[in-house]
Amino acid sequence: MAESMTGKFEVVGHNERRVDGTALVTGKPVFVDDAPPPPRMLHLALLTSPHAHARIRAIDTSRAEALDGVALVLTHENTPTTRYTTAGQGYPEPSPHDARMFDTKVRFVGDRVAAVAADSVALAREAATLIEVDYEVLEPVLSIDAALGDGAPVVHDQGCDDAWDAEHNIAAYSEAVAGDVETALAAAEVTVDVTVETHYGQHVPIEPHAARAELDPHGRLVITSSTQVPFHARRIVASVLDLPVHRIRVIKPRLGGGFGVKQEVLIEDLVALTTLRTGRPSSLVYTREQELVSARTRHPMRVRVRLGADRDGTLTAIDLDVLSNTGAYGTHSLTVMSNAGSKTLPLYNTAPDVRFVGRALYTNLPVGGAYRGYGATQGQFGMEVAIDQLAERLGMDALELRTRNHIRTGGTSPIFKELGEGREGVEQVITSCELPRCIEVGAERIGWAEKRGARRRDGSWVHGIGMSIHMQGSGIPMIDMGAASIKLNDDGSVNLAIGATDLGTGSDTVLGQIAAEVLGIPLEKVLVISSDTDLTPFDVGAYASSTTYVSGTAVQRAAEDVAGQIRAVAAAILRVDPSELTLGHERAATEDGRSVSLAEVALRSLYGVDQHQIAATASAVLDTSPPPFLASFAEVAVDVETGAIRIVDWVTAADCGTAIHPRLAEGQVEGALANGIGYALTEDLAIDATGRARATDLGRYKIAGTLDLPRLQTILVDSYEPTGPMGAKSIAEIGINAPMPCIANAVYDATGVLLTETPFTAERVWRALQAAGVR
Amino acid sequence: MRIEVELNGGPLAIEADPGETLLEVLRRTGSVSVKDGCSRGDCGSCAVLLDGQAVTACMLFAVQADGHRITTTEGLADGEGLHPVQRALLDAGGVQCGFCTPGVMMAALDLLDRDPDPSEHDIRVALAGNLCRCTGYVKIVDGVRDAAALLREGDDG
């Protein structure tokens, strides 16, 4: 629940019904694959690699092509050779351009080999099995240690100029240094040195990737895609297929979840090329196995954290060393890895000596990509576990240690400038931080003081309690851009056109609320159209927790411009100065109660005197990225006989500035936690010794269901971010960072056993308990 | 093969291949609220009511539905008025991306038909076969609880 809302807003801060809600609950055809298939539509099926590392000596597609109803087979022999990155990032993408549509070499089990377009899905799949591939199987690189080894096979032996050192399998490298961390660690009164290692997880949007292409009557290519980044998708597809950008239109309809995996341009190129080659509409929907294995994953990381502190519990040094496994391609390799530092280190800004070193390594394993949390999840796992270990060494309460060292309003960190997104960052001073309040209310609700260290035992189940604190960002400063256009209609309603991409979070509603608030109209008078490269202004898309803050600022600016134009017309009608007018209840009114409706204003401007369209477009690129903050508290029970972990209670208090739509904001926290809890406990691609994922369906890749979670408790604390639209900052990603450290700290509290390797499956926990002699 | 079903209160005759699933046939004939999230019975997105009981349509051959009564989300709203379960899920915040929502509503209706006043645990058991990646389930459970209350008050939309 939200703490008392300030009550200063009419629409913002209220749980408005979503603008797309009725369409969603009535099952209208709003997702990519719901639209009635156009006549003669082709269906694509993919042939993917059975080998982790192999060269294609020869490929014979004749039997597939001979099948009646097969229109096209795409392979490396008949597709563009342009090297690109599937990472849907801003131009120029800070990821190595190491991929080809279809390559002569396959680099992981699940890599693209060929695509077949046929009259039906079944036929396309059958044809794909008829393609004969002669592979020269190569020695695979199946771990980060193997990637670093002398004489290791080279994953990208074709050369890649913008990888850090492709010859040594290093996709990306970054470092940031403030002070002298080694000297500070040597001088520290107390130190800890903790290494954690995370595993392969997948986003599992319930809607798998889907895309359709068709030619419009003018010969333009229209791609409808489940993408988080329609504008980047248009640019990247244009570049890969060597088409002018203006020939392509990308539309994102409703999206069935993304979580980062749809920030990749994974299938749009295939439907686009199929439609261009055949002139027929085409469609591709990933199977669940392809979604799990061939799409993108969370980069597994080995994170070493060394902390130095004074006896009184003041941090003096932090050293963070990250080895990231980017898999077969370097998508987001630099930026996710850097984020493990840039979203972790500033949280504890009392330490003057800080260092971050990160390397991202190529392997012949599934491909890392953007995933909610974006490296902060892995970095903060290491940090928050290390903080608890330091607290124990100091004989100090872990809550107290955090309170002594976390960043506060007015605080800064050298890391903000030293470690940016693929380039130097931007200095930041924290302008809102209600973390002390988050810690206070969370601790009280969970019963921290009574339960911590109590080790209540119930048969073979031992209870423990853990906490962790977190930060994220609100967009990428001086890089992310959002834009919005608003025009006034004759009845006083407005069209709000935004490039921003609602991936299921409800951002169309949130952005509509901001416009409605400024214009003094109800949300139902804001007609939101989003994510269409022909009809809406540019936006980088849905990632980096940018939409509410960056796109929301653009909406606020456009709405303020329109509000000024409305006041000017209203002032002419009422014969007053525009500055005397305020907007509200669909009217422009003077203080003494004279008013005119927005419909009258619109009618006059469109049909009456001095005719013109009241409209405005505004952009936002911000030099600030205020972090949201969050404190999570978990009570877990560990079965010392089986190693099973049960989540007993979970309390989270978050500071997201103004919650534009509190219920949606809470839902972001709860959804992120559920996703993170699943990842921490049960989700695992289970990659075998040959590099093949064994968890290729949702039976074996176990995400959290209703019975795996307690009723997650969420508190949004009162907060106001002065730089944000209506005081808002982000909320969508931060919660996913909590489960790994929170659970590990709780298990340690219960058993004294430190879990450093994920996921915390019963087997792994049982082995750790046995090794430590815990019964 | 020709099959005849009662779909959302009306008769429907369809030609179905012997190997086609009920999911494929329903989507092909326009009931696209029925979603394909995994094609193998794990996610619950394709749940429909078969004679009032929630089943995953991807796990049934279409021919197995011959002669039965099928309800999908398309059959819930009465004109402009939302069904209580639709309204309650929406207002409780139980809809984020909305992809799992139709299946969730089918499981909820199955439960509420058997038990008009379920506990939170009962609701969680009934929805155990419906995977949602967005919400963390808190607000879905609240929505089903609110729907139960609306239905008990005799609100039929």
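Domain bounds, as used in this tour, come from an automatic or database domain assignment. The model is predicted: local features need pLDDT of at least 70, side-chain atom pairs count only at pLDDT 80 or more, and totals for chains, interfaces and linings use all residues. Residues are numbered from 1 along each chain as its sequence is written, and chains are lettered from A and ligands numbered from 1 in the order in which they are written.

**Confidence**

Begin with the whole complex, to which the predictor gives an ipTM of 0.98 and a pTM of 0.97. Next, select chain B, where pLDDT (the predictor's confidence in each residue, from 0 to 100) averages 96, and 99% of the residues score at least 70.

**The domains of chain A**

Colour chain A by its assignment: domain 1 (21-29 + 481-621), domain 2 (32-138 + 203-293), domain 3 (143-190 + 302-419) and domain 4 (431-472 + 624-775). Then show domain 2 and domain 3 of chain A, whose C-alpha centres lie 35 Å apart. Contact is taken here as C-beta atoms, placed from the backbone, within 7 Å of each other. By that criterion, 23 residues of domain 2 of chain A meet 25 residues of domain 3 of chain A. The side of domain 2 of chain A that touches domain 3 of chain A comprises 10 nonpolar, nine polar and four charged residues. In these classes, Ala, Val, Leu, Ile, Met, Phe, Trp, Tyr, Cys and Pro count as nonpolar, Asp, Glu, Lys and Arg as charged, and the others, Gly among them, as polar.

**The nonpolar core**

A nonpolar core is a set of buried Ala, Val, Leu, Ile, Met, Phe, Trp, Tyr and Cys residues joined through C-beta atoms within 7 Å. A residue is buried if 20 or more other C-beta atoms lie within 10 Å of its own, exposed if 12 or fewer, and partly exposed in between, with C-beta atoms placed from the backbone. The largest such core has 310 residues, and those with the most contacts inside it are V116(A), L496(A), A515(A), I566(A), I743(A) and A108(B). Helix 16 (residues 547-574) of chain A gives the most to this core, with 11 residues. Helices (H or I, at least four residues) and strands (E, at least two) are DSSP runs, numbered from the N terminus.

Centre the view on V116(A). Leaving aside neighbours within four places in sequence, V116(A) is in contact with L44(A), A45(A), A64(A), V70(A), V73(A), A124(A), A127(A) and A128(A).

**D502(A)**

Now select D502(A), in the loop between strand 19 (494-498) and helix 15 (507-519) of chain A. D502(A) is classed as buried because 27 other C-beta atoms lie within 10 Å. Beyond residues up to four places away in sequence, D502(A) touches L255(A), S507(A), D508(A) and S530(A). Add Q228(A) to the selection: it is 274 residues from D502(A) in sequence, yet the C-alpha to C-alpha distance between them is 7.7 Å.

**Backbone features**

Two cis peptide bonds come next. One joins Y91(A) and P92(A), with omega about -10°; P92(A) is in the loop between strand 3 (70-74) and strand 4 (105-106) of chain A. Another runs from T758(A) to P759(A), with omega near -5°, and P759(A) is in the loop between helix 19 (739-751) and helix 20 (762-772) of chain A.

Continue to E586(A), a residue other than glycine with a positive phi, near 65°. E586(A) is in the loop between strand 21 (582-584) and strand 22 (587-589) of chain A, and counts as partly exposed because it has 18 C-beta neighbours inside 10 Å. In chain B, D51(B) also is not a glycine and has a positive phi of about 50°. D51(B) is in the loop between strand 3 (47-50) and strand 4 (53-56) of chain B, and is exposed, with 12 other C-beta atoms within 10 Å.

**The domains of chain B**

Colour domain 1 (2-72) and domain 2 (84-152) of chain B separately. Their C-alpha centres lie 21 Å apart, and the contact takes 13 residues from domain 1 and 12 residues from domain 2 of chain B. On the domain 1 side, strand 3 and strand 4 of chain B are the elements that give two or more residues.

**The interface between the chains**

Finally, show both chains: 41 residues of chain A are in contact with 40 residues of chain B. On the chain A side, helix 1 (21-25) and helix 18 (662-681) each supply at least two residues. Helix 18 of chain A provides the largest share, eight residues. By class, this side of chain A has 16 nonpolar, 15 polar and 10 charged residues.

Technical notes. Contact = placed C-beta atoms within 7 Å.
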